[in-house]
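Here is a brief report on one chain and its ligand. Please look over the sequence and the structure first.

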Amino acid sequence: MGYIVAENVTKRYGDIHALKDVSFEIDEGEFVVILGQSGAGKSTLLRILNGLTTPTSGSVSIGGDTVSGRRNDVGMVFQQHYVIDQLSAYDNALTGALNRTSFLKSLFRMYDSADKREALRALETVGLLEEASQRVDHMSGGQQQRVGIARALVQKPQLLLADEPVASLDPGSAESVMGYIKTAAAERNLTTMASLHQVNLSRQFGERFLGMRDGELVFDGYIDDLTTDVIDEIYGDIETEAIRTGAKA
Ligand SMILES: Nc1ncnc2c1ncn2[C@@H]1O[C@H](COP(=O)(O)OP(=O)(O)OP(=O)(O)O)[C@@H](O)[C@H]1O
């Protein structure tokens, strides 16, 4: 049985069918990219995996446990960099340890030394060790996103979910940030699922791919199977050549 198992997951918002009978299994340590147009259901799927949204029917399990609410062992990276502007990169990374720190200790930012080491290790993973003491509002968007990744790593997750983690970045920063996510996952054998809408980046970093269209899982496979026809099926009428970049004929 897979580490993550989604069985016939359906999500309706009134008349909107955000997910339709989605099933898949993911093994521990896999690096999965979820592809699909805006509105295809990628965020809904990630939110269900994270316990932030409940499916209308069907179920999801992680490591054999049915997901029924927020889990501390699932780290999440979002499109916007939800970092605390006034704090340093190091203090932001440390907030990933809040779930295992008492309220009083967190109030005075008194973290365990193991957590402090974890924060430094995470900043090293994302290439920001030398910038650890810099305030994040003095950092670039790409650096802020890397701080967000470091915070998710300090949480010591078993599963990392990233919802369009590079959508608001320029192409160079997007590539760099995806590289750091990939390194972090490889170093920690961390099962990772990232939604991306850029086909070229997906092909560069993805190992396994889930293709969503109108709430349905229309593709589940590996890079050699991600052909132009499959891309067309996921994205419908391709409007620009750019989206095809890197797609195999
Ligand atoms: N809370 C909500 N209430 C009502 N409809 C919603 C809600 N969340 C998502 N939807 C709808 O469900 C569908 C799937 O949305 P979802 O955000 O999962 O897609 P997506 O592939 O992540 O797109 P995007 O990349 O634009 O976020 C869309 O039609 C969306 O409008």
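## Strands, ligand shell and domains

S61 stands opposite T66 in strand 5. Strand 4 (residues 57–62) and strand 5 pair in the antiparallel sense, over two bridges. Helices (H or I, at least four residues) and strands (E, at least two) are DSSP runs, numbered from the N terminus. Two strands pair if DSSP finds at least two bridges between them.

This is a predicted model: local features need pLDDT of at least 70, side-chain atom pairs count only at pLDDT 80 or more, and totals for chains, interfaces and linings use all residues. Residues are numbered from 1 along each chain as its sequence is written.

**The open sheet.** Strands 4 and 5 belong to an open sheet of four strands, in the order 2-1-4-5. The pairing in this sheet is antiparallel. Its edge strands are strand 2 and strand 5 (65–66), and each pairs on one side only.

Two residues in these strands have an unusual backbone angle. Most residues other than glycine have a negative phi. N8 has a positive phi of about 50 degrees, although it is not a glycine. N8 lies in strand 1 (residues 4–13). D21, also not a glycine, has a positive phi near 55 degrees. D21 sits in strand 2. N8 is partly exposed, with 13 other C-beta atoms within 10 Å. D21 counts as partly exposed too, with 14 C-beta neighbours inside 10 Å. The scale is simple: a residue is buried if 20 or more other C-beta atoms lie within 10 Å of its own, exposed if 12 or fewer, and partly exposed in between, with C-beta atoms placed from the backbone.

**Strand 3 and its partners.** Four of the five residues of strand 3 (residues 31–35) are buried, so strand 3 is largely enclosed by the rest of the structure. Strand 3 has the parallel pairings in this table.

| Partner of strand 3 | Bridges | Opposed residues |
|---|---|---|
| Strand 8 (residues 191–196), parallel | five bridges | F31 and T192 |
| Strand 9 (residues 208–213), parallel | four bridges | V32 and R208 |

**Helix 1 and the ligand.** Which residues surround the ligand? They are Y13, I16, A18, G36, S38, G39, A40, G41, K42, S43, T44 and E164. A residue is near the ligand if its C-beta atom, placed from the backbone, lies within 6 Å of it. The shell divides into four nonpolar, six polar and two charged residues. Here Ala, Val, Leu, Ile, Met, Phe, Trp, Tyr, Cys and Pro count as nonpolar, Asp, Glu, Lys and Arg as charged, and the others, Gly among them, as polar.

Strand 2 (16–26) and helix 1 (42–49) each supply at least two residues of this shell. The largest share, three residues, comes from helix 1. Helix 1 is mostly covered, with seven of its eight residues buried. The buried residues include K42, S43 and T44. L45, L46, I48 and L49 are buried as well. Just after helix 1, G51 takes a positive phi of about 75 degrees.

**Domains.** The domain assignment, automatic or from a database, gives domain 1 (1–73 + 161–173 + 192–249) and domain 2 (81–156). Their contact takes five residues from domain 1 and five residues from domain 2. Two residues are in contact if their C-beta atoms, placed from the backbone, lie within 7 Å. On the side of domain 1 that touches domain 2, the residues divide into two nonpolar, three polar and no charged.
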